[in-house]
Amino acid sequence: QVQLVESGGGLVQAGDSLRLSCAASGRTLSFYVMGWFRQAPGKEREFVATINWAASSTSYADSVKGRFTISRDNAKNTVYLQMNSLKPEDTAVYYCATGPRSSQYSYWGQGTQVTVSS
């Protein structure tokens, strides 16, 4: 079993930055991909970013490309999401997830709220 705990959310103004963290514990996550998703009120959960085990490959949603950066520290079992130039439309609950491949996220965190005011 794997436990994921997100942190770093909060209330910021448009144009500000936030850094989300997701700490994993439990079984070994060797070769697991890690990703960030978000869900705004009344909307479906959507993909934000993903990173492979070696951190050699990343992928982003078009809506965050150039503003958000995903990274990971395998020694700390932690994945990060650096969010710059935040917009009100980035307001959502952000979830991290992990799994053996990007098409199979097996474990999810409880989410952290990000609110961006205009």
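Which side chains along S1 point to one face and are buried, and which point to the other and are not? In this predicted model, Val2, Leu4 and Glu6 make up the buried set, whereas Gln3, Val5 and Ser7 are directed to the opposite face and are not buried. This arrangement follows a general pattern, in that the side chains of a regular strand alternate between the two faces of the sheet.

Strand S1, which covers residues 2-7, is joined to strand S3, residues 18-26, in the antiparallel sense through 6 bridges. Two positions of S1 illustrate the register of this pairing: Gln3 stands opposite Ser25 in S3, and Leu4, one of the buried residues of S1, has Ala24 of S3 as its bridge partner. S3 also pairs with strand S8, residues 78-83, again in the antiparallel sense and over 6 bridges, with Ser21 placed opposite Tyr80 of S8. S3 is thus a partner both of S1 and of S8.

The secondary structure of the chain as a whole consists of 11 strands and 0 helices, and the order of elements from the N terminus is accordingly β-β-β-β-β-β-β-β-β-β-β. The chain is as compact as a globular protein of its length, because its radius of gyration of 13 Å is close to the 13 Å that the globule rule gives for 118 residues. The C-alpha trace extends over about 40 × 25 × 25 Å along the principal axes, and 43% of the 118 residues are buried. Of the contacts between residues at least 6 apart in sequence, 53% connect residues that are at least 24 apart.

At the surface, the chain exposes about 6,000 Å², of which 46% is supplied by carbon and sulfur atoms. The chain carries 11 positive and 8 negative charges, and the mean positions of the two sets lie 7 Å apart.

Two loop residues call for comment on their backbone geometry. Most residues other than glycine have a negative phi. Asn77, however, has a phi near 50°, a positive value in a residue other than glycine, and is located in the loop between strand S7 (68-73) and S8; with a relative accessibility of 28%, Asn77 is classed as partly exposed. Ser85, likewise not a glycine, has a positive phi of about 50° and lies in the loop that runs between S8 and strand S9 (92-99). The relative accessible area of Ser85 is 40%, so this residue also counts as partly exposed.

Notes: Residues numbered from 1 in each chain as written. Predicted model: local features only at pLDDT ≥ 70, side-chain atom pairs only at ≥ 80, totals over all residues. Heavy atoms only, no water. Pairing = 2+ DSSP bridges. Helix = DSSP H or I, 4+ residues; strand = E, 2+ residues; numbered from the N terminus. Buried < 20%, exposed > 50% of the residue type's maximum accessible area, 1.4 Å probe, protein only. Rg over C-alpha atoms; globule rule 2.2 N^0.38 Å. Contact = heavy atoms within 4.5 Å. Areas by Shrake-Rupley, 256 points an atom, 1.4 Å probe, with all protein chains shown as cover. Lys, Arg positive; Asp, Glu negative; His and termini not counted. Charge placed at Lys NZ, Arg CZ, Asp CG, Glu CD.
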